Amino acid sequence: MPLSLTIPTSLEYFASLVQSDDHFPLLEAAASLAQDEYPEFDVQLLLGDVDQLLARIKRRLPADAPALQRLRTLNQFFFADMGFAGNINNYYDPENSYLNAVLRTRRGIPISLAVLWMELAQGLGLHARGIAFPGHFMVKVLLPKGQVVLDPISGQSLSREELGERLEPYKRRNGLVDDYDVPLGLYLQAATPRDIIARMLRNLKEVHRTQQDWQRLIAVQDRLIVLQPQAWGEWRDRGLAHAERGNLTEAISDLETYLHHADDGLDLDHVADRLSALRSANE
């Protein structure tokens, strides 16, 4: 009797990657986001390409190279030799979040560049982590003489003073000044792999919402809900996107889920009114 093998969908594949925080495969999960746009994209090929980049860096280093030498060699290779940089001319292009495109063009946004850079750094034995810095994702490396914070757009090392300057507009917008100020160290805590993927998805979410590309937005929302099933606002946002697409049954289901769980949402009355209108339209 012939075997019947069912190939998982891209969303099922993503769900299998992010189901547990133990040994969360950050690079593979990040790369898989491109499968919504490129259904034939083979994530394993990208992982192999990154392994080849790592092998090239290792050939430049003696086996006993100290951490600082490894870091400098990585930055020389990644930023100077390979030319990875920010896509300044088209910052809001969704391609900047797809690692296959970033590897091909060597242009991206801070978080996509950071994911690639961190994979190489960790492959070199560096203690590298991402930082969910407001407005601009950062990376940090723990060296024997202390911690270094880097901008993944350029590899530039940032002092406490420079980080403070970058934070100032964010603090003022959010009233985090004077008595409400908080220490810089709170902004430099390591982001979990799950949080990094969520931030990548929310970047895509904002691009698609701005462009009113509801179908692509729904695909992003599907992933966000798989990644963070109790982030009830994502159910609301998927429901509203379904409503824009005319998918009334799906919209009603998602908005009902949101209203059932989001006890303290400021928009509960508005969402309830929208749900009522959808139910009437669906009768």
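# Exercises on a predicted model

Leu-275 is buried, its relative accessible area being 4%. The structure is a predicted model, and the exercises below work through parts of it.

## Exercise 1. Surroundings of Leu-275

Task: state where Leu-275 is placed and which residues it is in contact with, leaving aside neighbours within four places in sequence.

Solution.
- Step 1. Leu-275 belongs to helix α12, which covers residues 268-282.
- Step 2. Buried means under 20% relative accessible area. Leu-275 is at 4%, and therefore it counts as buried.
- Step 3. With neighbours within four places in sequence set aside, the contacts of Leu-275 are Ile-252, Leu-255, Glu-256 and Leu-259.
- Step 4. For one of these contacts, Leu-259, the C-alpha atom is 9.5 Å from that of Leu-275, and the two residues are 16 residues apart along the chain.

## Exercise 2. Asn-96

Task: decide whether Asn-96 is buried or exposed, and find which backbone oxygen its side chain reaches.

Solution.
- Step 1. Asn-96 sits in the loop between β1 (85-86) and α5 (99-105).
- Step 2. The relative accessibility of Asn-96 is 2%, so this residue counts as buried.
- Step 3. The side chain of Asn-96 comes to 2.8 Å from the backbone oxygen of Asn-90. The cut-off for a polar contact is 3.5 Å.
- Step 4. Not counting residues up to four places away in sequence, Asn-96 touches Asn-87, Asn-90, Tyr-91, Val-102, Arg-107, Gly-108, Ile-109 and Ser-112.

## Exercise 3. The largest pocket

Task: give the volume of the largest pocket and say which element gives the most to its lining.

Solution.
- Step 1. The space in the largest pocket is about 510 Å³.
- Step 2. Its lining has 26 residues, and those nearest the centre are Tyr-91, Ile-109, Arg-199, Arg-202 and Asn-203. Tyr-91 and Ile-109 are also among the residues that Asn-96 touches.
- Step 3. At least two lining residues come from each of α6 (110-123) and α8 (193-210). The most come from α8, with 10 residues.
- Step 4. By type, the lining of the largest pocket holds 13 nonpolar, 8 polar and 5 charged residues.

## Exercise 4. The second largest pocket

Task: repeat the analysis for the second largest pocket, stating which element gives the most to the lining.

Solution.
- Step 1. The second largest pocket has about 170 Å³ of volume.
- Step 2. Its lining includes Phe-24, Leu-26, Val-115, Met-118, Ala-128, Arg-129 and Ile-196.
- Step 3. Two or more lining residues come from each of α6, β3 and α8. With 4 residues, α6 gives the most.
- Step 4. The lining divides into 8 nonpolar, 2 polar and 2 charged residues.

## Exercise 5. The β3-β4 hairpin

Task: describe how β3 and β4 are joined.

Solution.
- Step 1. Strands β3 (residues 127-131) and β4 (residues 138-143) run antiparallel and are joined by 5 bridges.
- Step 2. Opposite His-127 stands Leu-142 of β4.
- Step 3. The hairpin has 6 residues between the strands, and Gly-135 takes a positive phi near 80° there.

## Exercise 6. Positive phi outside glycine

Task: locate His-23 and Arg-106 and state the phi of each.

Solution.
- Step 1. Most residues other than glycine have a negative phi.
- Step 2. His-23 has a positive phi near 55°. His-23 is placed in the loop between α1 (10-18) and α2 (26-32), and is exposed at 80% relative accessible area.
- Step 3. Arg-106 has a positive phi of about 60°. Arg-106 is in the loop between α5 and β2 (107-108), and is partly exposed at 32% relative accessible area.

Notes. Residues are numbered from 1 along each chain as its sequence is written. This is a predicted model: local features need pLDDT of at least 70, side-chain atom pairs count only at pLDDT 80 or more; totals for chains, interfaces and linings use all residues. Side-chain values use heavy atoms; hydrogens and water are left out. Two strands pair if DSSP finds at least two bridges between them. On a 1 Å grid over the protein atoms alone, a cavity is a set of points where a 1.4 Å probe fits but cannot get out, and a pocket is an open set with protein on both sides within 12 Å along at least five of seven lines; lining residues have an atom within 4 Å of a point. Grid points are joined across faces, edges and corners, and a volume is the space filled by probe spheres set on the points. Ala, Val, Leu, Ile, Met, Phe, Trp, Tyr, Cys and Pro count as nonpolar, Asp, Glu, Lys and Arg as charged, and the others, Gly among them, as polar. Buried means under 20% relative accessible area, exposed over 50%, partly exposed in between (1.4 Å probe, protein chains only). A polar contact is a pair of N or O atoms within 3.5 Å; within protein, one must be able to donate a hydrogen and the other to accept it, and residues adjacent in sequence count only if both atoms are side-chain atoms. Contact means heavy atoms within 4.5 Å.
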